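Hello,

Here is the structure I promised to pass on to you. Please have a look at it first, and then read my notes below.

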Amino acid sequence: MSDKKQFQALQAPKGVPDYVPPQSATFDAVRKTLVGQAYLAGYSHIELPVFEDTTVFARGVGESTDVVSKEMYTFADRGERNVTLRPEGTAGVMRAVIQHNLDRGQLPVKLAYYGPFFRYERPQAGRYRQLQQVGVEAIGVDDPALDAEVVALADRGYRALGLTEFRLEMTSLGCGNCRPAYREKLQEFLFKLDLDEETRHRAEINPLRVLDDKRPDIQEATADAPLMLDHLCEECSTHFETVKSMLNDMQVPFEINPRMVRGLDYYTKTTFEFVHDGLGAQSGIGGGGRYDGLMAQLGGQDLSGIGFGLGVDRTVLALEAEGKTIPGVEERASVFGVALGEEAKKEMVLIINKLRQAGISSDMSYGDRGLKGAMKGADRAGARFALVLGDQELANGTVALKDLAAHEQEDVALVDIVEVLAKKLHG
Ligand code: HAM
């Protein structure tokens, strides 16, 4: 048996996607576009650890959630510390804000982040064990205008990518004043039903989640269940009305889904989800909401907060489902150099270096590929211009400049080429 056959080819862990060229360009563009919207709205970048003390998530996200009870990558490190790969971003942001006293300055603190998160879920299309999010958190001011800003920001991000076939669903989950009474009312209703043991148990721990049960018999039995939206206190009700009217003014379309249940326990008041209909079961492309008790729960001041997490992986799938591509995304180099012969190559290395110094994206062919093979490289790079340098051009002190879209060619003096290209590309 040859060495090669003895070993099984290594694979990425189950449920963990790779993004390789050319699709990786779309992934990168999606992430940049979404986080770019946050930077445009005054959010500062925050870079957080990928693992934290397990308590951050247990206390922050909620012990009764699937995320904490079933899906965390938790392990003891070599010093026997109990750590967890972050399953989401909000709890870690709050921990960092408290630790670095960011909440003692100007409020709101507006932060944006992106990167991988880890959940031990059953992998399927659009559901991964390493998932990528772009997130924002706005902390310290309980102003409905901030809710409207956060929601509109996500909506603009998706639209900037060209997505159109998504819906924004919203509800209000109430606050510490109105939710306990509602919860009791809902439990009273649920306990009267003939529920199986597991569902009954859920009704005891987190009754709201029973309303989100997808089984038809449960949906039917809970059709007349009391809804949080009908039991909001005055303050929550006014807050939600203001958010809705601001979104209407900004022409951000939304639907009310009074039965929305998020997978994390910290939500209060405004809560929302972006749903894409082209994705099958894993249709949530992003979601978020207010979490007014979270900071106090993590040992900080009692400040409010609101944010979202947008799923980058699912946004890429949504673009595919809509048959949309991001213009220019696969263009890796505007200019591609082709040198024929050793002397020409030396000169081309210099030209390409000068182009890069001038901020012009450029690449060249390596190895001895001949003109035809090298021009394929120009094509693959998505280049607008090719530079061809052979013995003849070298002798004349010129280079052949090919406009690949217009199918035109001209000879340009070597000393002028950077300037000529800069003009053509940047005007
Ligand atoms: P989340 O709804 O758990 O919220 O996740 C946000 C988004 O991440 C989802 O809408 C989905 O697009 C994506 N996502 C979640 N799990 C997976 C998975 N297994 N595979 C692929 N994509 C996934 C949060 O994480 C909150 N921290 C958001 C937030 C920030 N709320 C307030 N601030």
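**What I found in the sheet and helices**

Strand 7 (residues 166-172) and strand 9 (residues 268-276) run antiparallel and are joined by 7 bridges. One pair to look up there is Phe166, whose bridge partner in strand 9 is His276. Please keep in mind as you read that this is a predicted model.

Those two strands belong to an open sheet of 8 strands, with the order 1-5-6-11-10-9-7-8 and mixed pairing. At its edges are strand 1 (44-45) and strand 8 (255-256), each of which pairs on one side only. As general background, strands of a sheet pair through backbone hydrogen bonds, in either a parallel or an antiparallel way.

Next, strand 11. In the order of the sheet, strand 11 stands between strand 6 and strand 10. Strand 6 (residues 130-139) runs antiparallel to strand 11, and 7 bridges join them; here Gly135 stands opposite Gly309. On the other pairing, strand 10 (residues 284-290) is also antiparallel to strand 11, with 5 bridges, and Arg290 stands opposite Ile306.

Is strand 11 buried or exposed? Of its 7 residues (305-311), 7 are buried, so strand 11 is largely enclosed by the rest of the structure. In a regular strand, side chains alternate between the two faces of the sheet. You can follow this along strand 11: Gly305, Gly307, Gly309 and Gly311 point one way, while Ile306, Phe308 and Leu310 point the other way, and all are buried.

Now to the helices. Helix 5 lies across strand 5 (109-118) and strand 6, and runs at about 45° to strand 6. Helix 5 (residues 90-99) also meets helix 3 (residues 54-61): their axes come within 9 Å and cross at roughly 110°. With angles of 65 to 115 degrees counted as roughly perpendicular, helix 3 and helix 5 are therefore roughly perpendicular to each other. The crossing of helix 3 past helix 5 is right-handed.

Which residues of helix 3 and helix 5 meet? From helix 3 come Val56, Phe57, Gly60 and Val61, and from helix 5 come Ala91, Gly92 and Arg95. Sorted by class, this contact has 4 nonpolar, 2 polar and 1 charged residues.

If you want a place to start, try strand 11 with its buried residues, and then turn to the crossing of helix 3 and helix 5.

Best wishes

Conventions
Residues numbered from 1 in each chain as written. Predicted model: local features only at pLDDT ≥ 70, side-chain atom pairs only at ≥ 80, totals over all residues. Heavy atoms only, no water. Axes fitted to C-alpha atoms, helices over the stretch in contact; angles between N-to-C directions. Helix = DSSP H or I, 4+ residues; strand = E, 2+ residues; numbered from the N terminus. Parallel < 35°, antiparallel > 145°, perpendicular 65-115°, else oblique. Left-handed = near helix turned anticlockwise from the far one by under 90°. Contact = heavy atoms within 4.5 Å. Nonpolar A, V, L, I, M, F, W, Y, C, P; charged D, E, K, R; others polar. Buried < 20%, exposed > 50% of the residue type's maximum accessible area, 1.4 Å probe, protein only. Pairing = 2+ DSSP bridges.
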